[in-house]
Every structure is written in structure tokens, then in C-alpha cells.
Amino acid sequence: ESTPERPGRPPSDAIVLFDGKDLSNWSTPEGEPAKWKVENGYFEVVAKTGNIQTKQGFGDCQLHVEWAAPDPPKGEDQDRGNSGVYLMGVYEVQVLDSYENKTYADGQAAAIYGQHPPLVNACRPPGQWQTYDIIFHRPRFDKDGTLLRPARVTVLHNGVLVQDNVQLTGPTAHKARPPYKAHADRLPLLLQDHSHPVRYRNIWIRDLESGK
Ligand code: MG
């Protein structure tokens, strides 16, 4: 179990994506080395260096991510501690400093951005470590690219259920509901550079696609 003071230990069958040391499992979307800053067991978004993504692709998965919003906080609404966990690079679980910071419902921390507000606001104060535990089932497409089954997501924020197996309408977007577009069964996990120095640590994933 992770606590704000100490990251927990990944399960033995998990793929560790960040163990506190380096970003060797990550790159820019163009395949260049990730330029975010690594220090003291975490890494931090470096504004304007762009998003980073895993070198490995994933589909159905259980994902554990820990993050902390900048302390002291700066800005308000969407301009405060904003980043994002993009499953398959296109389905965003919002990262935002939602502690005493108003924004639109489906833009809060742990929202499925632009689609599903979290059931409750479970956000801790800026600077404190927080956990996302995400269970994701990717969409299924037939050979012609027709949607057979939409993606589904469950999210626990700091151990509190905030997304209960919700169905995604398609890729997440700002003020838009784009339709599904057929894609591969496994795609990189992406973290968003929204120009705010959000920190991440202890990221691991369990691939639930095995055997297929
Ligand atoms: Mg975001």
C-alpha cells in the first residue's frame, strides 16, 4: 500500500514503468528521449518539452500512478496542476489540482476528461502524493473498424471509487465528443505536458491482454 509518505511496492506480475530512477521506459511521441526531470525518486513535467509516452504498448490493463500537484499552488481552474494520464494515448484520466479549486465537473481530477465527472472529489492538497488505480478495458473493433464494444474505465483516487466502470463515448477531447476511430490492441500510455510542474512516482501496470 502506498501512503503519502512512502510509495508502495508493485505486485510481482506488474511491469514497472517508473521505479524512481530514470525514464528509460519512456520517450517523446516522436521517439526521442523523454526530457522531463528526474530527482528524489520522482519525475516532474518540464514545461513545453512535450508529452511523454511508454515505449511499450498496452490495451486492457490495471494501472497504478502516483502524482503530486505543485506546491505552492499557482493559477486556478484548468490552469492549476494540470496534466493527464492518457490510456492508449487517447483516453484521458484528468490530472488536476482539484483541492479547493473550482472547474467544470468533467474537467476535475480523476474525471474522464470531457465525459465523466468523478463521483466525488477525493483530491489531496497540493504537494501531497496521490494515487490513481485504474482498470481499463479497451474498445473492440471488428476487421472493418466498426466499434463492437466501447472502452470502459474504473478509477480509484486515493483509494476512493470515483469512476465506476464507466463507458467512454470515444477519445477524450476539449468541448468535443469525437467518435471512436479503430486502433491497435496495444498503444503507449501517455502523460500530458500541460506546462505545469506536476510530479509522478511509482508507476506500474499489469497487462490484462496476455493469452490473446
Ligand atoms: Mg489534463
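**Exercise 1. Determine which residues lie nearest the centre of the second largest pocket, and how its lining divides by class.**

Step 1. The second largest pocket is lined by 13 residues, and K74, G75, D79, H196 and P197 are those nearest its centre. A pocket is here an open set of points on a 1 Å grid over the protein atoms alone, with protein on both sides within 12 Å along at least five of seven lines, and a lining residue has an atom within 4 Å of a point. The model is a predicted one, in which local features need pLDDT of at least 70 and side-chain atom pairs count only at pLDDT 80 or more, whereas totals for chains, interfaces and linings use all residues. Residues are numbered from 1 along each chain as its sequence is written, and side-chain values use heavy atoms, with hydrogens and water left out.

Step 2. The volume of this second largest pocket is about 180 Å³, where a volume is the space filled by probe spheres set on the grid points, which are joined across faces, edges and corners.

Step 3. By class, its lining comprises five nonpolar, four polar and four charged residues; Ala, Val, Leu, Ile, Met, Phe, Trp, Tyr, Cys and Pro count as nonpolar, Asp, Glu, Lys and Arg as charged, and the others, Gly among them, as polar.

Step 4. H196, one of the residues nearest the centre, is found in the loop between β14 and β15, strands being DSSP runs of E with at least two residues, numbered from the N terminus. H196 counts as buried because its relative accessibility is 9%, the classes being buried under 20% relative accessible area, exposed over 50% and partly exposed in between (1.4 Å probe, protein chains only). Its side chain reaches the backbone nitrogen of G81 at 3.2 Å.

**Exercise 2. Describe the largest pocket and the largest cavity by volume and lining.**

Step 1. For the largest pocket the volume is about 270 Å³, and of the 16 residues that line it, E1, S2, H64, T131 and D133 are the closest to its centre.

Step 2. At least two residues of this lining come from each of β9 and β15, and the lining holds four nonpolar, eight polar and four charged residues.

Step 3. Turning to enclosed space, a cavity is a set of grid points where a 1.4 Å probe fits but cannot get out, and the count comes to one cavity of 30 Å³ or more. About 40 Å³ of space lies in the largest cavity.

Step 4. The lining of the largest cavity is made up of F58, G59, C61, L87, M88, F136, L187, L189 and I205, which by class gives eight nonpolar, one polar and no charged residues.

**Exercise 3. Identify the residues that coordinate the magnesium ion, and locate S83 and Q192 in the chain.**

Step 1. N82 (OD1), S83 (O), E92 (OE), Q94 (OE1) and Q192 (OE1) coordinate the magnesium ion at 2.2 to 2.4 Å. Donors are N, O and S atoms within 2.8 Å of the metal (3.2 Å for Na, K and Ca), and since water is not among the atoms, sites may look incomplete.

Step 2. The spacing of the donor residues in sequence is N-S-x8-E-x1-Q-x97-Q. Distant parts of the chain are linked here, with S83 in strand β7 (residues 83-87) and Q192 in the loop between β14 (187-191) and β15 (199-207), 109 residues apart.

Step 3. Both S83 and Q192 are buried.

**Exercise 4. Find how many salt bridges the structure holds, and place the pairs of R206 and D97.**

Step 1. The whole structure holds 10 salt bridges, a salt bridge being a side-chain nitrogen of Lys or Arg within 4 Å of a carboxyl oxygen of Asp or Glu.

Step 2. R206 is paired with D13, and their closest N and O atoms are 2.9 Å apart. Because R206 lies in strand β15 and D13 in the segment before β1 (15-18), the pair ties together parts that are 193 residues apart in sequence. R206 counts as partly exposed at 23% relative accessibility, as does D13 at 48%.

Step 3. D97 and R80 meet through their side chains in a salt bridge of 3.0 Å, N to O. D97 lies in the loop between β8 (91-95) and β9 (130-137), and R80 in the loop between β6 (61-68) and β7, 17 residues apart. Both D97 and R80 are buried.

Notes. Helices (H or I, at least four residues) and strands (E, at least two) are DSSP runs, numbered from the N terminus. A polar contact is a pair of N or O atoms within 3.5 Å; within protein, one must be able to donate a hydrogen and the other to accept it, and residues adjacent in sequence count only if both atoms are side-chain atoms.
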